[in-house]
Amino acid sequence: ARANVHGGQQQKGANYWETYAPVGAWFAVHLLLVLSLLHNWQTRQVDFIAAYPHAPIECDLWMHLPAGIRTKHGNSKTHVLKLKKNLYGQKQAGQVWNQYLTQTLLAIRFKQSKVDESFFY
């Protein structure tokens, strides 16, 4: 099971500021695969499982306890949780994850494509 946030209750400027995250264009993916075949390059694709919680949270966010969950302190009607990590459902989660991944890859000397910012080499 995975906890999700109800992003529909977030307000721009209060709980989030940006939501943009780049997505690789299929044309660029196909072009890179063709070039790798022609030049005998090794290619690797990576899938990050539960990626969003790895990125640091950018502001204080709170969520109600999921329905039916009780703690020794109360239930979902009387208590909330302060998030320590990003969760799926947050409007900015994809953008925050992309910033974290980009900073991490650049720190270990990957270069970011100038043509498609979602590709690194």
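## Helix H1 and its end

Let's begin with a simple length check on H1: at 1.5 Å a residue, its 14 residues should span 20 Å, and its end C-alpha atoms are indeed 20 Å apart, so expectation and model agree. The model here is a predicted one, and H1 covers residues 26-39.

What happens to the backbone just after H1? There, asparagine 40 takes a positive phi of about 60°, and this is a residue other than glycine. As background, most residues other than glycine have a negative phi. Asparagine 40 sits in the loop between H1 and strand S1, which covers 62-64. Its relative accessibility is 70%, and because exposed means over 50%, asparagine 40 counts as exposed.

## Helix H2 and its end

The length check can be repeated on H2, which covers residues 93-107. Its 15 residues, at 1.5 Å each, should span 21 Å, and the end C-alpha atoms are 21 Å apart, so this helix agrees as well. Which residues of H2 are buried? They are Ala93, Gly94, Gln95, Val96, Trp97, Asn98, Leu101, Thr102 and Leu105.

Just after H2, the backbone of arginine 109 takes a positive phi of about 75°, although arginine 109 is not a glycine. Is arginine 109 buried or exposed? Its relative accessible area is 74%, so arginine 109 is exposed.

## The chain as a whole

For the wider picture, the protein chain holds 2 helices and 4 strands. Along the sequence they follow the pattern α-β-β-β-β-α. Of the 121 residues in the chain, 26% count as buried.

How much of the contact map comes from residues 24 or more positions apart? Among contacts with a separation of 6 or more, such pairs account for 64%. A few of these distant pairings are picked out further below.

## Nonpolar cores

In soluble globular proteins, nonpolar side chains tend to be buried together. In this model, the largest nonpolar core has 6 residues: Ala51, Ala55, Val96, Trp97, Leu101 and Leu105. A second, separate core has 5 residues, including Cys59, Leu61, Met63 and Leu87.

Of the residues in the largest core, Val96, Trp97, Leu101 and Leu105 are also among the buried residues of H2. Once neighbours within four places in sequence are set aside, leucine 105 is in contact with Phe110 and Phe120.

## Contacts that bridge the sequence

Proline 22 lies in the segment before H1. With a relative accessibility of 14%, under the 20% cut-off, proline 22 counts as buried. Beyond its neighbours within four places in sequence, proline 22 is in contact with Asn98, Glu117 and Ser118. Proline 22 and asparagine 98 are 76 residues apart in sequence, with 7.8 Å between their C-alpha atoms. Serine 118, in the segment after H2, has a relative accessible area of 25% and is therefore partly exposed. With neighbours within four places left aside, its contacts are Pro22, Val23 and Gly24. From serine 118 to valine 23 the separation is 95 residues in sequence and 6.0 Å in space, C-alpha to C-alpha.

Tyrosine 52 belongs to the loop between H1 and S1 and counts as partly exposed, at 22% relative accessibility. Which residues does tyrosine 52 contact, leaving aside its neighbours within four places in sequence? They are Asn86, Leu87, Tyr88, Ala93, Gly94 and Trp97. Tyrosine 52 and asparagine 86 are 34 residues apart along the chain, and their C-alpha atoms are separated by 5.7 Å.

## The largest pocket

The largest pocket has a volume of about 1,500 Å³. Its lining is made up of 34 residues, with Arg44, Val46, Ser118, Phe119 and Phe120 lying nearest the centre. Ser118 is thus both a contact of proline 22 and one of the residues nearest the pocket centre.

Where does the lining come from? H1 and H2 each supply at least two of its residues, and H1 gives the most, with 8. By residue type, the lining divides into 22 nonpolar, 9 polar and 3 charged residues.

Notes: Residues numbered from 1 in each chain as written. Predicted model: local features only at pLDDT ≥ 70, side-chain atom pairs only at ≥ 80, totals over all residues. Heavy atoms only, no water. 1 Å grid on protein atoms, 1.4 Å probe; cavity = no way out; pocket = protein on both sides within 12 Å on 5 of 7 lines; lining within 4 Å. Points joined across faces, edges and corners; volume = space filled by probe spheres on them. Nonpolar A, V, L, I, M, F, W, Y, C, P; charged D, E, K, R; others polar. Core = buried A, V, L, I, M, F, W, Y, C linked by side-chain atoms within 4.5 Å. Buried < 20%, exposed > 50% of the residue type's maximum accessible area, 1.4 Å probe, protein only. Contact = heavy atoms within 4.5 Å. Expected span 1.5 Å × (residues − 1).
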